[in-house]
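Hi,

Here is the structure I said I would pass on. Have a look at it first, and my notes on what turned up follow underneath.

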Amino acid sequence: MGLEFAIYFLAAFFEILGCYSFWMVFKLQKSSFWLFTGVVSLVFFAYLLTKVNLEFAGRAYAIYGGIYIISSLAWLFLVEKQAFNKWDIIGSLVVFAGICIILFGNQKAISSI
């Protein structure tokens, strides 16, 4: 299970890096070199999501969506140096509960078949 979460968080890092690279070029007027970084990061992100051990892509993407939200808030804090507010924290807890319900609930359903 730890490896699954590691893959999800690594995928989120590369998706956020990829999107942030485009943000830097088009919003912050940084070098167009960042577009290359963005494309490579997004390709790696998509590849990583194929490595999770779930039967259906939609379920993998639903779990990933929650991981992405949590990772985006970590990016906000660590890279953009912005503090969390109470809504960020409450939202993250709700999202984490949803991730656990989808992930662990489906594992029990699969193992009982």
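**Surface patch and helix packing**

Helices α3 (57-78) and α4 (86-111) each contribute at least two residues to a nonpolar patch. Keep in mind that this is a predicted model.

The patch sits on the surface and covers about 580 Å². Its members are Phe77, Leu78, Val79, Phe84, Ile89 and Leu93. If you want a place to start looking, Leu93 belongs to helix α4.

Next, the helix pairs. How do α1 and α2 lie relative to each other? Helix α1 spans residues 2-26 and helix α2 spans residues 33-49. They pack at an angle of about 155 degrees, and their axes are 8 Å apart. Angles over 145 degrees count as roughly antiparallel, so α1 and α2 are roughly antiparallel to each other. Their crossing is left-handed. As for what lines this contact between α1 and α2, the residues split into 19 nonpolar, five polar and one charged.

Helix α1 also meets α3, and there the geometry reads as follows. The axes of α1 and α3 come within 9 Å and cross at roughly 60 degrees. That angle falls outside the ranges for roughly parallel, antiparallel or perpendicular, so α1 and α3 are oblique to each other. Which hand does this crossing have? α1 passes α3 in a right-handed crossing, whereas the crossing of α1 and α2 is left-handed.

So α1 is the helix to follow through both crossings, with α2 and with α3, while α3 also supplies part of the nonpolar patch along with α4.

Cheers

Conventions:
Residues are numbered from 1 along each chain as its sequence is written. This is a predicted model: local features need pLDDT of at least 70, side-chain atom pairs count only at pLDDT 80 or more; totals for chains, interfaces and linings use all residues. Side-chain values use heavy atoms; hydrogens and water are left out. Axes are lines fitted to C-alpha atoms, for helices over the stretch in contact, and angles run from 0 to 180 degrees between N-to-C directions. Helices (H or I, at least four residues) and strands (E, at least two) are DSSP runs, numbered from the N terminus. Angles under 35 degrees count as roughly parallel, over 145 as roughly antiparallel, 65 to 115 as roughly perpendicular and the rest as oblique. A crossing is left-handed if the near helix is turned anticlockwise from the far one by less than a right angle, and right-handed if clockwise. Ala, Val, Leu, Ile, Met, Phe, Trp, Tyr, Cys and Pro count as nonpolar, Asp, Glu, Lys and Arg as charged, and the others, Gly among them, as polar. Patches are made of residues with over 30% relative accessible area and no salt bridge: like charges are joined within 9 Å, nonpolar side chains (Val, Leu, Ile, Met, Phe, Trp, Tyr) within 5 Å. Accessible areas come from the Shrake-Rupley method with a 1.4 Å probe; for residues, only the protein chains shown count as cover. A salt bridge is a side-chain nitrogen of Lys or Arg within 4 Å of a carboxyl oxygen of Asp or Glu.
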